[in-house]
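Please read the following report alongside the sequence and the coordinates. It covers overall build, charge pairs, distances and backbone angles.

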Amino acid sequence: MWELAESKGSRLIVALDSVPVEPRELVEEVEEYAVGVKVGLPFLLRWGPQAVKELCETFRGTLYLLCDFKLADIPPVVAEELKLIRELGFDGAIVHLFQGGIESVSTVASRPDLFGLVAMTHQESRLLDAHFEELTREALEAGLEGLVVPATKPEIVKAARKAAPGATLLAPGVGAQGPKPGSALEAGADFEIVGRLIVASSDPRSAARAVRDSQRARANAARVMR
Ligand code: O7M
């Protein structure tokens, strides 16, 4: 992920949820400007596992392939899900933490990179956000590669950066949910996850390029692309 970020000069991960057009064409449009794509459940339900597998095969090595199938089950089931996710060809997966047991999940052999969700972007996520510090501690103790933090709540991004200086922070919520591209990087995130601003655009290529350029401009101004 970091190698692709360096070579492309980008911190953009495109969220593929409701993809109305042929996914491969869309991904080819944004490939040059994005470090990776995050594949969500709407994508899986609409296009099926075979299409997900083909997407992973087509873009392996040129995009970081991140799975977001909302994993929040008992540890043996999450472990099995991670094995299948790896078989589909993903490099990384987002996991929930509130259900407990992430420590045993993280020791699964040849698992993808794991990113633990510690707070969410919508205003109603009060219960989850209230436990942000404990969830962050659990994720770090379990040795996860990174955390998912809300771009809409920069104070949480800042706190996560402080609590987890070595973790890779992924921030969704940029664009359609309000925050401007680059703003989560300024708050301390490493990557910004952007969905509708790009995917629902009539010109996804230009939209992705614009996000990448804004990230660069804001990062240069604040010298935050670490
Ligand atoms: O840019 P959008 O709003 O169209 O899409 C945002 C994406 O980020 C979408 O795929 C959501 O599932 C995801 N997301 C949030 O919007 N908020 C969160 O708090 C967490 C996520 C996420 O990635 O969860 C793992």
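The sections below go from the whole chain to single residues.

## Basis of the model

This is a predicted model, in which local features need pLDDT of at least 70 and side-chain atom pairs count only at pLDDT 80 or more, while totals for chains, interfaces and linings use all residues. Residues are numbered from 1 along each chain as its sequence is written, and side-chain values use heavy atoms, with hydrogens and water left out.

## Overall build

The chain has 11 helices and 8 strands. Its radius of gyration is 16 Å, close to the 17 Å given by the globule rule for 226 residues, so the chain is as compact as a globular protein of that length. The radius is taken over C-alpha atoms, and the rule is 2.2 Å times the number of residues to the power 0.38. Helices (H or I, at least four residues) and strands (E, at least two) are DSSP runs, numbered from the N terminus. Along the principal axes, the C-alpha atoms fill a box of roughly 40 × 40 × 35 Å.

Of the 226 residues, 53% count as buried. Buried means under 20% relative accessible area, exposed means over 50%, and partly exposed lies in between (1.4 Å probe, protein chains only). The accessible surface of the chain is about 10300 Å², and 52% of it belongs to carbon and sulfur atoms; the areas come from the Shrake-Rupley method with a 1.4 Å probe, and for residues only the protein chains shown count as cover. Among contacts (heavy atoms within 4.5 Å) between residues at least 6 apart in sequence, 62% join residues at least 24 apart.

## Charges and salt bridges

The chain carries 26 positive and 32 negative side chains, and the centres of the two sets are 5 Å apart. Lys and Arg count as positive and Asp and Glu as negative, with His and the chain ends not counted; each charge is placed at NZ of Lys, CZ of Arg, CG of Asp or CD of Glu. Side chains of opposite charge can pair when their charged atoms come close. The structure holds 10 salt bridges, a salt bridge being a side-chain nitrogen of Lys or Arg within 4 Å of a carboxyl oxygen of Asp or Glu.

One of these pairs is local in sequence and two others link separate parts of the chain. Glu28 bridges to Arg24, with the closest N and O atoms 3.3 Å apart. Both belong to helix H2 (residues 23-30), where a spacing of 4 residues separates them by about one helical turn. Glu28 is partly exposed at 38% relative accessibility, and Arg24 is partly exposed at 42%.

## Bridges between distant segments

Arg111 pairs with Glu145, the closest N and O atoms being 3.1 Å apart. Arg111 sits in the loop between helix H5 (102-106) and strand E5 (113-117), and Glu145 in the loop between helix H7 (132-141) and strand E6 (146-148), so the pair ties together parts that are 34 residues apart in sequence. Arg111 is buried at 18% relative accessibility, whereas Glu145 is partly exposed at 30%.

A further salt bridge joins Arg161 and Asp190 at 3.0 Å, N to O. Arg161 is in helix H8 (residues 154-163) and Asp190 in the loop between helix H9 (183-187) and strand E8 (191-194), so placed that the pair links distant parts of the chain, 29 residues apart. Arg161 is buried with a relative accessible area of 16%, and Asp190 is buried at 1%.

## Separations across the fold

Ala217 is located in helix H11 (residues 204-222) and is partly exposed at 48% relative accessibility. Its C-alpha atom is 29 Å from that of Ser18, and the two residues are 199 apart in sequence.

Ala159 belongs to helix H8 and is partly exposed at 30% relative accessibility. Between the C-alpha atoms of Ala159 and Leu66 the separation is 24 Å, with their positions 93 residues apart along the chain.

## Positive phi angles

Most residues other than glycine have a negative phi. Lys70, which is not a glycine, has a positive phi of about 55°. Lys70 is in strand E3 (residues 64-71) and is partly exposed, with a relative accessible area of 44%. Lys70 is also linked with Lys38 and Asp68 in a network of salt bridges.

Ser110, likewise not a glycine, has a positive phi of about 40°. Ser110 lies in the loop between H5 and E5 and is exposed, with a relative accessible area of 63%.
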